[in-house]
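Got your viewer open? Let's take a walk through this chain, one selection at a time.

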Amino acid sequence: MSGILAGKRILVTGVLTESSIAFQAAKVAQNEGAEVILTGFGRLSLVERIAKRLPKPAPVIELDVTNQEHLDGLADKVREHLGEGVALDGIVHSIAFGPQGAFTFLDATWEDVSTAVQVSAYSYKSLAMALLPLMREGGSIVGLTFDAQIAWPKYDWMGVAKAALEGTNRYLARDFGPKGIRCNLVSAGPIKSMAAKSIPGFEELADVWNHRAPIGWDLADPEPAGRGVVGLLSDFFPRTTGEIVHVDGGVHMMGA
C-alpha cells in the first residue's frame, strides 16, 4: 500500500470511540499505509469493538500507564504482534485524565492534581521509555495537548497538567534526539468526545472556538487533528522535534 506511512508500524493509545482524535489518527495512519496496534484501558471490550471499525482490524493491548507491570511488559506484547526483530516506527500518546476535583483550581487536593499530572504528563515519558527498545532510529513520538500557554475557563489543573506535558515533550525531545527519535505534540482544538463529557463546563470552554477561530472549527470533526498527528509521524518532518503544532482553527494566535 502506498501513502506517507507506507510500511510503518505505529502504536496508538487512547482509542475509545470513533469521535476521538486517537481513532482518527489510527484510521488515517492505516489509510496512509501503516500497520496499527492499539492499546486500551478499562473498557477493553469497547476498544476491541471500535478497533473493528477501522479500515483494517487492529490488535488491542491492555495498558494502564500508571501500572508499572503493564509498562514493563508492553514491549514484549507489542513484539508479539510485530514479530521478533521488527522495529516500531511511531507512537501516539493520547492519554489524559483528571478527577473531578482537578477542575476546581482553588479547592483541588494534591491527590487530584498528582493523578492528573501522572496520567496526562508523566505517562508520556513512561510510554516512551517502555517502548524505546522497539523504536527505530528515525522514529516519531506524537502526543496530544490542549494549548497550555494561557488559563482557560473551567480547565484548571488539567491545564497545568498539559503545561507539564508540553515541558515533558521538550525534555524528551532533548534526550531522545541523539537516539534519532523525534518527539512532538499536536495542540488540537476541543472535540466533543467521550473525554470531553468528563470536563465540567466543557460547552463554555468550547464556545470560544465558535467565535474566535479565523478558519473555523468543527467540534464534531476530529479528523483534522488526526491528520496533524499522522503528518508528524511521517518522514516529512525529519528534523522537527520538541515542537507543538497547532491544529485549532487558529485560535491560539488570536489577540484579545
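**Stop one: helix 1**

Select residues 21-31, which form helix 1: nine of its 11 residues are buried, so the rest of the structure largely encloses this helix. Buried here means under 20% relative accessible area, exposed means over 50%, and partly exposed is in between (1.4 Å probe, protein chains only). Helices (H or I, at least four residues) and strands (E, at least two) are DSSP runs, numbered from the N terminus.

Before going on, a word on what you're looking at: this is a predicted model, where local features need pLDDT of at least 70 and side-chain atom pairs count only at pLDDT 80 or more, while totals for chains, interfaces and linings use all residues. Residues are numbered from 1 along each chain as its sequence is written, and side-chain values use heavy atoms, with hydrogens and water left out.

Back to helix 1. Show side chains for Ile21, Ala22, Phe23, Gln24, Ala25, Ala26, Val28, Ala29 and Gln30, and you have its buried residues. What covers them? The cover includes strand 1 (9-12), strand 2 (35-40), helix 2 (44-51), strand 5, strand 6 and helix 7 (223-233), going by contacts, meaning heavy atoms within 4.5 Å. Just after the helix, click on glycine 33, whose phi is positive, near 100°.

**Stop two: strand 6**

Next, select residues 182-188. This is strand 6, and seven of its seven residues are buried. In a regular strand, side chains alternate between the two faces of the sheet. Color Arg182, Asn184, Val186 and Ala188 one way, since they point to one side, then pick another color for Cys183, Leu185 and Ser187, which point the other way.

Now add residues 135-145: strand 5 pairs with strand 6 in the parallel sense, over six bridges. Strands count as paired if DSSP finds at least two bridges between them. Which residue of strand 6 is the bridge partner of glycine 143? Leucine 185 is.

**Stop three: two positive phi values**

Most residues other than glycine have a negative phi. Follow the chain out of strand 5 into the loop before helix 5 (156-176) and stop at lysine 154. Lysine 154 isn't a glycine, yet its phi is positive, about 75°. Its relative accessible area is 37%, so lysine 154 counts as partly exposed.

Then go to aspartate 156, which is found in helix 5. Here too phi is positive, near 50°, in a residue other than glycine. Aspartate 156 is partly exposed, with a relative accessible area of 24%.

**Stop four: valine 117**

Jump to helix 4 (residues 110-131) and pick valine 117. At 26% relative accessibility, valine 117 is partly exposed. Neighbours within four places in sequence aside, valine 117 is in contact with Tyr122 and Ala161. Try a distance from valine 117 to asparagine 210: the two are 93 residues apart in sequence and 29 Å apart in space, C-alpha to C-alpha.

**Last stop: zoom out**

Clear the selection and view the whole chain. How many helices and strands does the chain have? Seven helices and seven strands, in the order β-α-β-α-β-α-β-α-β-α-β-α-α-β. The radius of gyration is 17 Å, close to the 18 Å that the globule rule gives for 256 residues, so the chain is as compact as a globular protein of that length. That radius is taken over C-alpha atoms, and the rule is 2.2 Å times the number of residues to the power 0.38. Buried residues make up 51% of the 256.
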